[in-house]
Amino acid sequence: MARKSLVERDKKRRRMVEKYAAKRQELKEAFKNAESQEEKMEIHRQLQRLPRNSAPSRVRNRCWKTGRAHGYYRDFGLARNAMRDMAHRGLLPGVVKSSW
């Protein structure tokens, strides 16, 4: 189980990304369509003034069950440990234990 503070920090980042997504997208479009170098520099400064945690790249994929950040499977939203456990119990539809 991950520390609660790390999970809460990630939740906070997700909320900030959602809050500033429209403004960030608007500034990026303006940057792309800017004519002069000075205009681009000003738009870039405005983009940099946005909170650091509002950038989508700062969000970490975490298991919804345990909060673990490593060994994350996107298809299920679970870490490898939790996925294995749930698959053995038959809680994940379509997942079967392989043998060869």
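Biologist: Why does Glu 42 count as partly exposed?

Modeller: Glu 42 has 33% relative accessibility. Buried means under 20% relative accessible area, exposed means over 50%, and partly exposed is what lies in between (1.4 Å probe, protein chains only). The value of Glu 42 therefore places this residue in the partly exposed class. The model is a predicted one, in which local features need pLDDT of at least 70 and side-chain atom pairs count only at pLDDT 80 or more, while totals for chains, interfaces and linings use all residues. Residues are numbered from 1 along each chain as its sequence is written, and side-chain values use heavy atoms, with hydrogens and water left out.

Biologist: What makes the pair of Glu 42 and Arg 45 a salt bridge?

Modeller: The term requires a side-chain nitrogen of Lys or Arg within 4 Å of a carboxyl oxygen of Asp or Glu. In this pair the closest N and O atoms are 3.1 Å apart, and Glu 42 forms a salt bridge with Arg 45. Side chains of opposite charge can pair when their charged atoms come close. Arg 45, at 38% relative accessibility, counts as partly exposed.

Biologist: Why are Glu 42 and Arg 45 separated by about one helical turn?

Modeller: Both belong to helix H2 (residues 37-49), and they are three residues apart, which means a separation of about one turn. Helices here are DSSP runs of H or I with at least four residues, numbered from the N terminus.

Biologist: How many salt bridges does the structure hold, and which pair is found at Lys 11?

Modeller: The structure holds five salt bridges. One of them joins Lys 11 and Glu 8, with 3.4 Å from N to O. These two residues lie in helix H1 (residues 4-33), three residues apart. Lys 11 is partly exposed at 40% relative accessibility, and Glu 8 is partly exposed at 43%.

Biologist: What are the exposure classes of Glu 29 and Lys 32?

Modeller: Glu 29 has 34% relative accessibility and therefore counts as partly exposed, whereas Lys 32 reaches 60% and counts as exposed. Their side chains meet in a salt bridge of 4.0 Å, N to O. Being three residues apart in helix H1, they are separated by about one helical turn.

Biologist: How do you know whether Asp 10 and Arg 24 are buried or exposed?

Modeller: Asp 10 stands at 5% relative accessibility, so this residue counts as buried. Arg 24 has a relative accessible area of 13% and is likewise buried. Asp 10 is found in helix H1 and touches Val 59, Arg 60 and Arg 62, residues up to four places away in sequence not being counted (contact means heavy atoms within 4.5 Å). On the same basis, the residues touched by Arg 24 include Leu 47, Leu 50 and Pro 51.

Biologist: Why are H1 and H2 described as roughly parallel or roughly antiparallel?

Modeller: The two helices pack at an angle of about 165°, their axes 9 Å apart. Axes are lines fitted to C-alpha atoms, for helices over the stretch in contact, and angles run from 0 to 180 degrees between N-to-C directions. Angles under 35 degrees count as roughly parallel, over 145 as roughly antiparallel, 65 to 115 as roughly perpendicular and the rest as oblique. H1 and H2 are therefore roughly antiparallel. Among the residues that make the contact are Arg 24 and Phe 31 of H1, and Ile 43 and Leu 47 of H2.
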